[in-house]
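Please open the model in your viewer and keep a selection panel at hand. The tour below proceeds by selections, each followed by what is to be found there.

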Amino acid sequence: MPKSSRPPCIGIRRAVDYCGGVQQLCDLIGTPRSGVIRLLNGTREAGPLEAIKIEKQTNGLVLREELLESLFDAAWQQRNPPGALHGS
């Protein structure tokens with residue numbers, strides 16, 4: 001079994017729970033089941049469009065910043081606190 005290069009994404013777990021399961025999330029965002037499983041296992045990071053779709057389908061419960069950690073690093077998050085870009 002291959003080792004993951006990152007820890008499993010907590011945000012994707014919340015998205016799966018919010019949407020009612022892996023297959024439901026897959027159907028809503030148009031991603032194959034294997035892709036969502038790999039996100040859950042931490043063997044891949046969400047793509048930008050995928051992250052935006054997840055954010056929309058979860059009504060902002062899971063933000064794109066959580067799913068795109070390689071783009072939105074800790075320094076970015078300090079400059080842009082949660083809610084600053086989302087009108088909260």
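Two residues are taken to be in contact when heavy atoms of theirs lie within 4.5 Å. In this predicted model, 47% of the contacts between residues at least 6 apart in sequence join residues at least 24 apart.

**The whole chain**

Begin with the entire chain selected and coloured by secondary structure. The chain holds six helices and zero strands, so that the order of elements from the N terminus reads α-α-α-α-α-α. Now switch to a surface representation. About 5,500 Å² of the chain is exposed, and carbon and sulfur atoms supply 55% of that area. Of the 88 residues, 36% count as buried.

**Helices H1 and H3**

Next, select residues 10-19, which form helix H1, together with residues 33-41, which form helix H3. How far apart are the axes of H1 and H3, and at what angle do these helices pack? Their axes are 8 Å apart, and the angle is about 130 degrees. H1 is therefore oblique to H3, since the roughly perpendicular class ends at 115 degrees and the roughly antiparallel class takes angles over 145. The crossing of H1 past H3 is left-handed. To see the contact itself, display the side chains of Ile12, Arg13 and Val16 on H1, and of Val36, Leu39 and Leu40 on H3.

**Helices H2 and H3**

Keep H3 in view and add residues 22-29, helix H2. H2 and H3 pack at an angle of about 115 degrees, with 9 Å between their axes. H2 passes H3 in a right-handed crossing. On the H2 side, the contact is made by Val22, Gln23, Leu25, Cys26 and Ile29, and on the H3 side by Arg33, Val36, Ile37 and Leu40.

**Arg13 and Asp17**

Return to H1 and select Arg13, which lies in this helix. Which side chain meets that of Arg13 in a salt bridge? The partner is Asp17, with an N to O distance of 3.4 Å. Side chains of opposite charge can pair when their charged atoms come close. Arg13 and Asp17 stand four residues apart in H1, which means that about one helical turn separates them. Arg13 is partly exposed, at 39% relative accessibility, whereas Asp17 is exposed, with a relative accessible area of 52%; the threshold for the exposed class is over 50%.

With Arg13 still selected, add Val62. These two residues are 49 apart along the chain, and their C-alpha atoms are separated by 9.5 Å.

**Glu50 and Arg44**

Move on to Glu50, which is placed in helix H4, residues 48-57. Is Glu50 buried or exposed? At a relative accessible area of 11%, Glu50 is buried, because the buried class covers values under 20%. Show the residues around Glu50, leaving aside its neighbours within four places in sequence: Ile29, Thr31, Leu39 and Arg44 are in contact with Glu50. Of these, Ile29 also takes part in the contact of H2 with H3, and Leu39 in that of H1 with H3. Arg44 meets Glu50 in a salt bridge between side chains, with 2.7 Å from N to O. Arg44, at 18% relative accessibility, counts as buried too.

**Arg64 and Glu55**

Now select Glu55 and Arg64. Their side chains meet in a salt bridge, at an N to O distance of 2.4 Å. Glu55 is buried, with a relative accessible area of 7%, whereas Arg64 is partly exposed at 25%. How many salt bridges does the model contain? The count comes to four, among them the pairs Asp17 with Arg13, Glu50 with Arg44, and Arg64 with Glu55.

**Asn59**

For the last selection, take the loop between H4 and helix H5 (64-67), where Asn59 is placed. What is notable about the backbone of Asn59 can be read from its phi angle: it is near 55 degrees, a positive value in a residue other than glycine. Asn59 is exposed, with a relative accessible area of 64%.

Methods:
Residues numbered from 1 in each chain as written. Predicted model: local features only at pLDDT ≥ 70, side-chain atom pairs only at ≥ 80, totals over all residues. Heavy atoms only, no water. Helix = DSSP H or I, 4+ residues; strand = E, 2+ residues; numbered from the N terminus. Buried < 20%, exposed > 50% of the residue type's maximum accessible area, 1.4 Å probe, protein only. Areas by Shrake-Rupley, 256 points an atom, 1.4 Å probe, with all protein chains shown as cover. Axes fitted to C-alpha atoms, helices over the stretch in contact; angles between N-to-C directions. Parallel < 35°, antiparallel > 145°, perpendicular 65-115°, else oblique. Left-handed = near helix turned anticlockwise from the far one by under 90°.
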